[in-house]
Every structure is written in C-alpha cells, then in structure tokens.
Amino acid sequence: DPGSAEIRKWLGTPTDRANRLKPRIPAIGRIEVTNFAADYVGTGWMLEPDVLITNRHVVEEFGMRKGGGFAFRSNADGVRYQARVDFRREHDRGDMAQVGIDDIVFLEEPGGVRPDMALLRLSRAGGALPEPIELDDAPLRETGGDRSPLAVI
C-alpha cells in the first residue's frame with residue numbers, strides 16, 4: 001500500500017473499475033542476476049506472453065551481442081551469469097515471484113538515436129506469466145493545458 005496520497009489517488013481502490021494503472025502493476029518486474037555485484041540491475045515489463053522488454057543498458061550488465069546473436073556474459077571467475085525477473089519483490093517487501101530468463105531475444109546496438117531497448121524471453125517452466133501490457137498507439141498530446149498523467153513503476 002503506497003504511502004503517498006498522490007499515488008493512492010492514482011491507484012484508487014482495488015474494486016475501482018476505472019483504475020487503469022493497478023491492473024498493469026503485476027506485469028512489471030525487477031531483473032536480478034546471480035553471481036553479480038548488485039541485488040538487481042533494472043526493471044522491465046511484459047510485452048508479449050513470454051517476452052519482457054527492458055533497457056539495453058540493463059541487459060548489457062549480463063548479456064552481449066555475439067556473432068549474429070546474443071549471449072549471457074560470464075563473471076570474473078568465468079561463471080556464466082544467470083538472470084531472472086521477480087514480479088513481486090520491491091523495496092521493503094519480501095514476497096517473491098521469480099521467473100528465469102531463458103534467452104536474450106534482441107539487444108539494440110548502442111549509439112546515435114537508437115532506442116535503449118532489449119527483449120528477453122522468459123521461462124514458462126514456472127507456470128503462468130503475467131499478462132502483457134497492451135501498447136497504446138495513440139500519440140501523446142497536450143491540448144490547452146490538459147495533461148494526461150504518466151506513471152513510472
């Protein structure tokens with residue numbers, strides 16, 4: 001339950017049918033890497049039934065381009081990194097819902113005006129994955145000072 005009154009206003013109550021933010025939260029997870037210095041390296045969200053989208057700079061912590069494809073890096077001891085996504089764990093929250101990352105599907109090249117983007121295929125071995133977040137293809141517009149709220153989770 002968020003402490004901020006502003007966030008609570010956005011989230012509304014669990015039974016509020018007009019709430020568009022709360023149903024999407026389960027599809028957002030933090031990306032964790034075993035044998036790594038940090039607890040986690042970033043976040044991502046479900047784009048397709050088994051594909052998570054995240055930032056290129058996040059995946060570069062444990063993955064790389066190799067030949068015509070992509071591969072997991074190894075740490076200084078030569079142990080290959082393993083990565084997973086946890087869809088429940090947050091700051092000051094111990095709940096976990098971890099899913100393995102099986103494959104790096106796409107890792108954008110750095111530089112220029114290229115998007116800071118990567119795609120990861122998640123394991124289906126642990127059961128059902130969260131529903132993807134549907135993309136909205138309508139352009140963002142500001143008309144007459146009327147601004148739509150934007151949430152970053």
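**View 1. Strands β1 and β2 pair up in the antiparallel sense.** In this predicted model, 4 bridges link β1 to β2, the latter covering residues 42-48. Strands here are DSSP runs (E, at least two residues) and helices are H or I runs of at least four, numbered from the N terminus. Two strands count as paired if DSSP finds at least two bridges between them. One spot to zoom in on is Gly29, which stands opposite Gly44 in β2. β1 itself takes in residues 28-34 and is mostly covered, with 6 of its 7 residues buried. Buried means under 20% relative accessible area, exposed over 50%, and partly exposed in between (1.4 Å probe, protein chains only).

A word on the ground rules: residues are numbered from 1 along each chain as its sequence is written, and side-chain values use heavy atoms, with hydrogens and water left out. As this is a predicted model, local features need pLDDT of at least 70 and side-chain atom pairs count only at pLDDT 80 or more, while totals for chains, interfaces and linings use all residues.

**View 2. β1 also pairs with β6.** β6 spans residues 82-86, and 5 bridges join it to β1, again antiparallel. Here Ile31 faces its opposite number, Val85 in β6.

**View 3. Six strands close into a barrel.** Go round it and you pass β1-β2-β3-β8-β7-β6, with antiparallel pairing. Neighbouring strands of this sheet are turned by 45° against each other on average, direction ignored; the axes are lines fitted to C-alpha atoms (for helices, over the stretch in contact), with angles from 0 to 180 degrees between N-to-C directions. Within the barrel, β7 and β8 share 5 bridges in the antiparallel sense. Leu107 has Ala118 of β8 as its bridge partner.

**View 4. The largest nonpolar core has 24 residues.** Such a core is a set of buried Ala, Val, Leu, Ile, Met, Phe, Trp, Tyr and Cys residues joined through side-chain atoms within 4.5 Å. Ile31, Leu52, Phe62, Ile101, Leu120 and Leu122 touch the most other members. At least two residues each come from β1, α2 (56-59), β6, β7 (98-107) and β8 (118-122). β7 gives the most, with 4 residues. In soluble globular proteins, nonpolar side chains tend to be buried together.

**View 5. Ile101 sits in strand β7.** It counts as buried because its relative accessibility is 7%. Skipping neighbours within four places in sequence, Ile101 is in contact (heavy atoms within 4.5 Å) with Ile31, Phe62, Phe72, Ala83, Arg84, Val85, Leu120, Arg121 and Leu122. The C-alpha atoms of Ile101 and Arg124 are 9.5 Å apart, with their positions 23 residues apart along the chain.

**View 6. Leu122 has contacts from several stretches of sequence.** Leaving out neighbours within four places, its partners include Met46, Asp50, Leu52, Val85, Phe87, Val99 and Leu129. Gly100, Ile101 and Asp102 are also among them.

**View 7. Zooming back out, the chain has 2 helices and 8 strands.** Along the sequence the pattern reads α-β-β-β-α-β-β-β-β-β. Of the 153 residues, 29% count as buried. Average pLDDT (the predictor's confidence in each residue, from 0 to 100) is 86, and 84% of the residues score at least 70. Confidence is lowest in helix α1 (residues 5-11), with a mean of 69, and highest in β8, at 98.
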